[in-house]
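Hi,

Here is the structure I said I would pass on. Have a look at it first, and then read my notes below.

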Protein chains: 4
Amino acid sequence: MNENVRNFVQRDAFALNLGIRVTRAEAGQAAGTMVIGPEHLNSAGTVHGGAVYALADAVFAAASNSHGTLAMAIEVSMSYMKAVREGTLTAEAQEVSLNPKLATYVIPVKDEKGDLVALFKGTVYRKKTRIEELYAG
Amino acid sequence: MNENVRNFVQRDAFALNLGIRVTRAEAGQAAGTMVIGPEHLNSAGTVHGGAVYALADAVFAAASNSHGTLAMAIEVSMSYMKAVREGTLTAEAQEVSLNPKLATYVIPVKDEKGDLVALFKGTVYRKKTRIEELYAG
Amino acid sequence: MNENVRNFVQRDAFALNLGIRVTRAEAGQAAGTMVIGPEHLNSAGTVHGGAVYALADAVFAAASNSHGTLAMAIEVSMSYMKAVREGTLTAEAQEVSLNPKLATYVIPVKDEKGDLVALFKGTVYRKKTRIEELYAG
Amino acid sequence: MNENVRNFVQRDAFALNLGIRVTRAEAGQAAGTMVIGPEHLNSAGTVHGGAVYALADAVFAAASNSHGTLAMAIEVSMSYMKAVREGTLTAEAQEVSLNPKLATYVIPVKDEKGDLVALFKGTVYRKKTRIEELYAG
């Protein structure tokens, strides 16, 4: 990923705090991982829906901002398929639609066996702000 | 909330780790709060969509499990309306539908001014497991 | 409803073809009805999910265009709660958020008993085009 | 498709009434087409969101019932990408998850150029009823 996108990704405090690592973000595509720890679990001892969402959402932000202009989530839907307790989750964003104002992404989240844990679909509104302007001194 | 529900809520490690506090959970209704801190922010310096989701999702879990049987999220959709930087977010779950297998909840998330920050809609699959069995010694 | 909105609603060929009647559309609110007929049924003999959606979607269009500027659906989610076979369905749109570019609506669809049949949530992108310009000679 | 599935598809009065043709339904996959006519248009003269949804929903029903047991839609989300005025729309269902109680499908709807018009994601609850029992004399 280029420097502006890398800066952007590295400033995602929420994702960093949860141990989410964005490994790729370029041209509308992105990927990331999260190693499941006790801090990600829900009351039933499986990974919290919110933690799975956070991983997908961080990858969504990386993919949708990878074009260099600020993208803001407006609508997301998430289907949960499988409860998992441990291991590493991976998420990969595919950009299914891109126009000047709106873009849509589909992001499967998988476990180590390659089983689908959840499926995220999200749409952003694309602003004119360049992402590097966010941190201008 | 009764003891089993309170135990259930207090075992939500993910929500606790994010500073989410479930303040009410009874008869399909629930409420919670999250005081925004630096760990909840995204790359643009506003509250991360994933953090807003986590608050709504914790309240969703509390409401849907408040009947005493284990409920698992199957589908969620989230609309984001307003970016916020600070203060306390509140979420309140309303149970709009309940049948033996499925139940649906609508959860507005609001900021301190009472403005709608996001609107969450989620459906659970209701298992036969009693929530107190999850921790049976 | 004012004349421009009435013209707009009366040009919705798809809704008219399905017997959907929009009864109110003003200031972001709207309502409509559909009398269930054999043409609305699915393979199981109950009202088709697509027919319930069509009713909600027509009311969504009426509410979101009631401000006088063209609104286009970008994202919708629909929860189905109850299968019905006959009678009249009613839908009422509530505008939960409105800003210059985006607006979000929640639309419960109910049967004659007042039971919730489905719950629709949808977001539009608001263009600058005035709805009366659509039909300018 | 086998005889029971064909019978099931041919009893979808709503889809037939709208000119939707399911061309394939087997092992969780399905496809269909709709030739756009004046009865599918909205107030802006483009294909109604409800008509696009109806096509996707008919293919969703065909795919989810193709296993031979009755499947009922519980949650759907739909993203709209492109407005179209004429030609033939096609929809193809991919089954992304299947378990005894729940199954999830992703269904892109495309125009004649192959452009994505809308993206449908839906989850069904799978009953034990065999689809051929629906019409038992």
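One definition before the notes: two strands count as paired if DSSP finds at least two bridges between them. Also keep in mind that this is a predicted model.

I'll start with the strands of chain B. S4(B), residues 88-98, and S5(B) pair in the antiparallel sense, with 6 bridges. One spot to find on screen is Thr90(B), which stands opposite Lys110(B) of S5(B). Between S4(B) and S5(B) there are 3 residues, and the two strands form a hairpin.

S5(B) has a partner in S6(B) too: these two run antiparallel and are joined by 9 bridges. Here Thr104(B) sits opposite Thr123(B) of S6(B). S5(B) and S6(B) also make a hairpin, this one with 5 residues between the strands. Gly114(B) is in that turn and has a positive phi of about 90 degrees.

Is S5(B) largely enclosed by the rest of the structure, or largely open? The strand covers residues 102-110, and 7 of its 9 residues are buried, so it is largely enclosed.

Now the helix H3(B), residues 49-65. Its 17 residues should span 24 Å at 1.5 Å a residue, and the end C-alpha atoms are indeed 24 Å apart, so the two values agree. As for burial, 17 of the 17 residues of H3(B) are buried, so the rest of the structure largely encloses this helix.

Next, how the chains go together. A turn of 180 degrees with a shift of 0.0 Å along the axis lays chain B on chain A, with an RMSD of 0.0 Å. The two copies are therefore related as by a two-fold rotation axis. Which C-alpha of chain B is nearest the axis? That of Ser77(B), at 2.0 Å from it. Both copies use the same surface, as 100% of the contact residues of chain B recur in chain A.

Last, the contact between chain B and chain D. Each side is listed separately: 7 residues come from chain B and 7 residues from chain D. On the chain B side, the elements that give two or more residues are strand S3 (69-80) and strand S6 (116-130). S3(B) provides the largest share of that side, 3 residues. By type, the chain B residues touching chain D divide into 3 nonpolar, 2 polar and 2 charged.

That's what I have for now. Shout if anything is unclear.

Cheers

Note on methods: Residues numbered from 1 in each chain as written. Chains lettered and ligands numbered in written order. Predicted model: local features only at pLDDT ≥ 70, side-chain atom pairs only at ≥ 80, totals over all residues. Contact = placed C-beta atoms within 7 Å. Helix = DSSP H or I, 4+ residues; strand = E, 2+ residues; numbered from the N terminus. Nonpolar A, V, L, I, M, F, W, Y, C, P; charged D, E, K, R; others polar. Least-squares fit on C-alpha atoms with pLDDT ≥ 70 in both. Expected span 1.5 Å × (residues − 1). Buried ≥ 20, exposed ≤ 12 C-beta atoms within 10 Å, placed from the backbone.
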